[in-house]
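The following exercises concern strand pairing, backbone geometry and salt bridges. Please attempt each task before reading its solution.

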Amino acid sequence: MKKIVVPTDFSDVAQNALVYAFELAKTFEAEIFLVHTYTLPIVEHQFAPQNYQVLFDSLEWTNFELFKQEMPAIHALAETHKAGHIRITPVVMDGDLLYNLKEFIANEKADFVVMGTSGTSGWKEYFLGSNTAEAITNLNVPVMSIPVTARYDGINTLGFTTRFREKDKAALDQVIAIAKGLQAQVHCLYVETKDTDNTPATYEDWKDHYRHDPVLFHIIPNENIEDTITDFIMSESIDVMAMLTYKRNFFAQLFLESVTEKMVNHASIPILALHE
């Protein structure tokens with residue numbers, strides 16, 4: 001985690017995510033790229049070509065000026081969180097946010113995204129809101145999404161859901177690396193349903209494999225995955241929940257209207273989405 005990308009529209013949602021980015025950047029000695037995108041207007045074809053350029057140049061300049069005006073407040077926020085030494089690079093791009101993020105990440109070889117989400121009315125909106133959901137599923141780097149209601153108070157415990165597949169280990173290794181940097185503990189959860197194909201031997205193999213790492217395994221028999229995850233978050237005081245995106249339909253199914261009120265009330269927990 002050396003290059004952290006933070007999309008921003010200078011809103012409270014984005015500023016709240018920036019706080020988390022500052023804390024991570026301090027821990028991992030990373031730099032932050034603040035990416036602001038804007039959309040060029042669609043104009044009629046009768047518009048004179050020279051006027052196109054004038055209009056687009058004006059919009060670009062306006063957005064650069066907006067960034068310039070906002071930077072003092074951003075630096076003040078960094079100082080408040082003892083991150084004044086962190087290198088912050090402003091980036092202004094025109095066009096679609098996700099397209100620009102993908103291009104920027106590829107060109108800069110950035111390795112982590114922290115972005116805010118305003119889906120505070122429930123976990124359905126939290127995951128299925130357009131920008132957050134698109135980033136989670138389409139960016140090929142870890143994405144930490146921060147609800148506007150979240151308040152940084154340290155990251156001492158990270159949760160991780162697994163199905164005990166061999167390829168889950170790569171994602172768990174990423175979570176462990178972050179936890180070690182933060183001097184945090186990882187709680188690894190498997191909700192064991194009646195149709196599980198795992199065995200006690202599998203669980204013991206994993207425990208042995210990670211015996212020298214700050215990981216605790218929780219195998220909880222239950223048919224209700226949603227409630228089990230919610231109870232797990234509460235009982236283990238999870239600060240950030242890490243999940244793999246290997247089962248995209250899992251998110252859609254998990255956060256439909258039938259989700260219990262308990263889970264809806266936990267929309268303030270940041271989610272770290274990892275990729276296979």
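Three exercises with worked solutions follow.

The model is predicted: local features need pLDDT of at least 70, side-chain atom pairs count only at pLDDT 80 or more, and totals for chains, interfaces and linings use all residues. Residues are numbered from 1 along each chain as its sequence is written, and side-chain values use heavy atoms, with hydrogens and water left out.

**Exercise 1.** Determine which strands join β10 by bridges and in which direction they run, and state whether the faces of β10 are covered or not.

Step 1. Helices (H or I, at least four residues) and strands (E, at least two) are DSSP runs, numbered from the N terminus. Two strands pair if DSSP finds at least two bridges between them.

Step 2. Strand β5 (residues 143-147) runs antiparallel to β10 and is joined to it by three bridges; here Ser 145 stands opposite Ile 271.

Step 3. Strand β9 (residues 240-244) is parallel to β10, with four bridges between them; Met 243 stands opposite Ala 273.

Step 4. In a regular strand the side chains alternate between the two faces of the sheet. In β10 (residues 271-274), Ile 271 and Ala 273 lie on one side and Leu 272 and Leu 274 on the other. All four are buried, and both faces are thus covered. Buried means under 20% relative accessible area, exposed over 50%, and partly exposed in between (1.4 Å probe, protein chains only).

**Exercise 2.** Locate Phe 164 and Ser 237, and describe the phi value and accessibility of each.

Step 1. Phe 164 belongs to the loop between β6 (157-161) and α6 (168-182). Its phi is near 60°, a positive value in a residue other than glycine. With 6% relative accessibility, Phe 164 is buried.

Step 2. Ser 237 is found in the loop between α8 (225-235) and β9. Phi of Ser 237 is also positive, near 50°, but this residue is partly exposed at 48% relative accessibility.

**Exercise 3.** How many salt bridges does a search of the whole structure find, and where does the pair of Glu 108 and Lys 3 lie in the chain?

Step 1. A salt bridge is a side-chain nitrogen of Lys or Arg within 4 Å of a carboxyl oxygen of Asp or Glu. The search finds eight.

Step 2. In one of them, the closest N and O atoms of Glu 108 and Lys 3 are 3.6 Å apart. This pair links distant parts of the chain, helix α3 (residues 97-108) and strand β1 (residues 3-7), across 105 residues.

Step 3. Asp 168 and Arg 165 form another, at 2.8 Å, and both residues are buried.
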